[in-house]
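Work through the following exercises with the structure open beside you, and try each task before you read its solution.

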Amino acid sequence: MRIGEAARASGVSARSLRFYEDEGLIVPGRHENGYRDYCRSTLDRVLVIRSLLESGLSVRLIKSFADGAPEFADEVRRYRDRLAARITALNEQQAALDAFLREVRP
């Protein structure tokens, strides 16, 4: 399918599809006239990329996954651990603010 159809089918913009291609995250086929041709497996990959980006992973890290880097899972675990630490710190800050507000509100 062409880029417009692929954008509608995947829920990402044509611009995003071009960006993913420029970054080497996907490699769509090409028609004889040079138009991109997106197959189902490429769209499935786009959905994975989109999910990873929405999870906060960087394009650089996702690219290492696209390149088949074996340490990808370790990087994701480290990212998740850093995220968990940030969540803990934010929860502590929220609790401190809640305690302050309880004291200043009648």
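**Exercise 1.** Does Leu-61 count as buried or exposed, and at what relative accessibility?

*Solution.* The model is a predicted one, and the residue should first be placed in it: Leu-61 lies in helix H4. The next step is to compare its accessibility with the cut-off, which is under 20% relative accessible area for a buried residue. Because Leu-61 has a relative accessibility of 5%, it counts as buried. The last step is to look for its partners, and, leaving aside its neighbours within four places in sequence, Leu-61 is in contact with Phe-72 and Glu-75. One may also compare sequence with space, since Leu-61 and Val-76 are 15 residues apart in sequence, while their C-alpha atoms are 8.4 Å apart.

**Exercise 2.** Decide whether Thr-42 and Asp-67 are buried or exposed, and say where each of them is found.

*Solution.* Begin with Thr-42, which is found in helix H3. Its relative accessible area is 9%, and therefore Thr-42 is buried. Apart from neighbours within four places in sequence, Thr-42 is in contact with Ile-26 and Val-27. Now turn to Asp-67, which lies in the loop between H4 and H5. Here the relative accessible area is 55%, so Asp-67 is exposed. As a distance to check on the model, take Asp-67 and Asp-37, which are 30 residues apart along the chain and whose C-alpha atoms are separated by 21 Å.

**Exercise 3.** Describe how helix H1 packs against H2 and against H3.

*Solution.* For the first pair, the axes of H1 and H2 come within 8 Å and cross at roughly 100°. This angle falls in the range of 65 to 115 degrees, which means that H1 is roughly perpendicular to H2. On the H1 side the contact is made by Ile-3, Ala-6, Ala-7 and Ser-10, and on the H2 side by Ala-14, Leu-17 and Arg-18. Sorted by class, these residues are five nonpolar, one polar and one charged.

For the second pair, H1 (residues 3–10) and H3 (residues 40–54) pack at an angle of about 50°, with their axes 10 Å apart, and so H1 is oblique to H3. The crossing of these two helices, H1 and H3, is right-handed. In this contact Ala-6, Ala-9 and Ser-10 of H1 meet Leu-43, Val-46, Leu-47 and Arg-50 of H3, and the classes are five nonpolar, one polar and one charged.

**Exercise 4.** Which residues of H3 and H4 make the contact between these helices, and how do they divide by class?

*Solution.* Start from the geometry: the axes of H3 and H4 come within 10 Å and cross at roughly 145°, and H3 passes H4 in a right-handed crossing. The contact joins Arg-45, Val-48, Ile-49, Leu-52 and Leu-53 of H3 to Val-59, Ile-62, Phe-65 and Ala-66 of H4. By class there are eight nonpolar residues, no polar ones and one charged residue.

**Exercise 5.** Which residues touch the most other members of the largest nonpolar core?

*Solution.* This core has 18 residues, and those that touch the most other members are Leu-17, Tyr-20, Ile-26, Tyr-38 and Leu-57. The helices H1, H2 (14–22), H3, H4 (59–66) and H5 (72–104) each supply at least two residues of this core, and H3 gives the most, with four. To follow one member further, set aside the neighbours of Leu-57 within four places in sequence, and Leu-57 is then found in contact with Leu-52, Ile-62, Phe-72, Val-76 and Tyr-79.

Notes. Residues are numbered from 1 along each chain as its sequence is written. This is a predicted model: local features need pLDDT of at least 70, side-chain atom pairs count only at pLDDT 80 or more; totals for chains, interfaces and linings use all residues. Side-chain values use heavy atoms; hydrogens and water are left out. Axes are lines fitted to C-alpha atoms, for helices over the stretch in contact, and angles run from 0 to 180 degrees between N-to-C directions. Angles under 35 degrees count as roughly parallel, over 145 as roughly antiparallel, 65 to 115 as roughly perpendicular and the rest as oblique. A crossing is left-handed if the near helix is turned anticlockwise from the far one by less than a right angle, and right-handed if clockwise. Contact means heavy atoms within 4.5 Å. Ala, Val, Leu, Ile, Met, Phe, Trp, Tyr, Cys and Pro count as nonpolar, Asp, Glu, Lys and Arg as charged, and the others, Gly among them, as polar. A nonpolar core is a set of buried Ala, Val, Leu, Ile, Met, Phe, Trp, Tyr and Cys residues joined through side-chain atoms within 4.5 Å. Buried means under 20% relative accessible area, exposed over 50%, partly exposed in between (1.4 Å probe, protein chains only).
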